[in-house]
Amino acid sequence: MRFRQTRLSSHQLLAYLLLGAIATLVSGTAVRAQANPSKTLTLSQAIDLALAQNRNLKLAQLSVDDSRHKKEIARSSYYPQLANHSALLHLTELEGVNIPAGAFGNSAATGPIPGQRLFLNQGSLTSYQSITSLNQPTTQLLKVHEANRAATADINTAKVKLTQAEDEVALNVRQLYYNLLIAQLEKDAAIEEVAAGEVKFQESTDDVTRGHSLEVVALESHAALLDARQTVLTQTLQLHDLTLSLNDLLGLPLNTELHLEPDANEQPLILPSREECLRIAEANNPDLLAARQAVIKAKASLASAKDAYIPDVTAFAHYDYQSGISFLVHNFGAFGVTFSYDLFDGGRRNAQIKDAHTILAQAELSLQKLEDEVTVQVETAYDKVQQLQQMVGVAKESLDVRIEASRLSDRQFEQNAALASARAEAQAKSASARASLLQASLGLSLAQGDLKRTIGQMPR
């Protein structure tokens with residue numbers, strides 16, 4: 001009997017340690033709750049908040065803005081370029097024109113012409129020149145057009161990536177939101193199991209004391225109670241981790257205390273038929289849209305490489321003001337055309353054309369490959385949705401059975417026809433069935449959201 005008491009005391013000591021850890025964690029959470037901000041959210045509100053504040057979405061939007069600015073840079077090459085070039089020059093010495101005396105003859109009336117040596121300066125030591133030029137590319141506009149096509153494709157690709165990021169964020173919010181609710185239900189179920197285990201352990205201990213049961217029964221009950229307490233501690237830690245992840249996804253302070261509520265106005269995701277999903281995916285799948293933009297950009301690069309064989313012809317007009325330069329008036333104008341062409345480039349242009357052909361072939365092949373992959377993704381996702389719908393139906397039936405069993409257990413307990421432990425176990429199984437139903441609903445919701453994302457629709 002003394003050995004039995006020693007064994008029971010060791011299990012009780014472990015139980016007290018676990019209870020102390022749980023109490024410390026709970027009390028610490030309560031203290032933090034007084035200082036940390038709190039926010040109550042429904043699923044739709046959480047998705048809206050994430051779409052407005054998520055940092056990854058802000059980066060994706062900045063990428064779209066960056067592509068737009070680059071398109072503006074490319075478009076500016078269509079217009080004439082007005083520029084000014086000014087220079088101030090100081091020389092240490094000038095060359096002049098030396099005219100000796102009598103260089104133009106010797107007249108009897110006047111004498112030598114000129115009568116003495118003359119030196120004519122050419123300009124001045126300090127000169128200033130300002131040239132304002134207007135240049136209009138002509139044949140280069142073909143290359144400019146292709147550069148604008150490529151820039152437009154980059155904008156469209158950035159928009160597609162932004163849409164993909166929004167869909168991903170919405171789906172992740174849905175997953176974390178449901179996981180938090182499930183973790184809370186599982187914690188509640190574990191607490192119910194702890195309560196049932198305590199009652200059962202007390203009953204087993206009493207039976208051992210009265211000699212109606214063996215000691216091993218009490219030990220098994222005690223071990224089950226400790227497992228349930230360990231589950232409560234695990235679920236508490238999981239709730240903390242999930243809350244941190246959801247706060248980060250929503251763009252909230254990480255210490256925000258979240259209170260999640262079922263969205264009463266939330267409607268189930270409505271999915272088109274299988275054939276309609278395939279048609280919508282072919283037109284709106286983000287990966288396909290990005291691949292089509294890659295083909296457009298590759299075609300623009302190929303056309304630009306071919307345009308490199310066209311000479312560069314630029315029309316220009318100059319207005320020039322100068323001071324201190326010899327033989328030039330202060331203000332004068334000039335206009336004309338410049339012609340530039342590479343006579344020999346070592347095969348560079350031909351190699352660029354070949355490379356552009358290769359890139360285009362890769363883009364077209366990737367597009368064809370993606371079209372088949374998207375079809376497979378839609379078919380697989382649709383099959384998964386149908387399978388999970390059946391699983392949700394089974395989980396609902398299981399919950400109904402557990403609720404009815406809990407009700408009967410309550411009645412039997414009131415009529416002294418059942419033990420308190422049986423009643424507590426029935427309540428715990430009912431809570432566990434609720435968590436299982438929510439888990440199945442989460443799987444169905446995520447599968448539906450993934451299907452909507454695949455066909456290019458927001459999973460809301």
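# Exercises on a predicted model

In helix α2 (residues 43-53), the residues L43, A46, I47, L49 and A50 are buried, where buried means under 20% relative accessible area, exposed over 50%, and partly exposed in between (1.4 Å probe, protein chains only). Helices (H or I, at least four residues) and strands (E, at least two) are DSSP runs, numbered from the N terminus. This is a predicted model, in which local features need pLDDT of at least 70, side-chain atom pairs count only at pLDDT 80 or more, and totals for chains, interfaces and linings use all residues. Residues are numbered from 1 along each chain as its sequence is written, and side-chain values use heavy atoms, with hydrogens and water left out.

## Exercise 1: helix faces

Task: work out which residues of α6 (residues 274-284) are buried, and which exposed residues its opposite face carries.

Solution.
- Start with α2: its buried residues L43, A46, I47, L49 and A50 cover an arc of only 165° around the axis, which puts them on the same side of α2. The arc is that of the directions from the helix axis to the C-beta atoms.
- Recall the general rule: an α-helix has 3.6 residues a turn, so residues three or four places apart point the same way.
- Turn to α6, where R274, C277, I280 and A281 are buried. Seen down the axis, these residues fall within an arc of 120°, so they line one face of α6.
- Finish on the face turned away from the buried side of α6, which carries the exposed residues E275 and E282.

## Exercise 2: aromatic pairs

Task: find the aromatic pairs and describe how the rings of each are arranged.

Solution.
- Apply the rule: rings of Phe, Tyr and Trp (its six-membered ring) pair if their centres lie within 6.5 Å; planes under 30 degrees apart count as stacked, over 60 as edge-to-face and the rest as tilted. The count comes to 2 aromatic pairs.
- Take Y128 and Y321: this pair is tilted, at 6.2 Å centre to centre with 55° between the planes. Y128 lies in strand β7 (residues 126-137) and Y321 in strand β9 (residues 312-323), so the pair ties together parts that are 193 residues apart in sequence.
- Check their exposure: Y128 is partly exposed at 33% relative accessible area, and Y321 is partly exposed at 32%.
- Then take Y177 and Y178: their ring centres are 6.5 Å apart and their planes are at 80°, so the pair is edge-to-face. Y177 is buried at 2% relative accessibility, and Y178 is buried at 14%.

## Exercise 3: salt bridges

Task: say where the partners D66 and K70 sit, and where D312 and K143 sit.

Solution.
- Use the cut-off: a salt bridge is a side-chain nitrogen of Lys or Arg within 4 Å of a carboxyl oxygen of Asp or Glu. The whole structure holds 14 salt bridges.
- Look at D66 and K70, whose closest N and O atoms are 3.4 Å apart. They are 4 residues apart in helix α3 (residues 55-75), separated by about one helical turn. D66 is partly exposed at 37%, whereas K70 is exposed at 51%.
- Move to D312 and K143, with closest N and O atoms 3.5 Å apart. This pair links distant parts of the chain, D312 in strand β9 and K143 in helix α4 (residues 141-210), 169 residues apart.
- Add a network: E168, D450 and R453 are linked by salt bridges.
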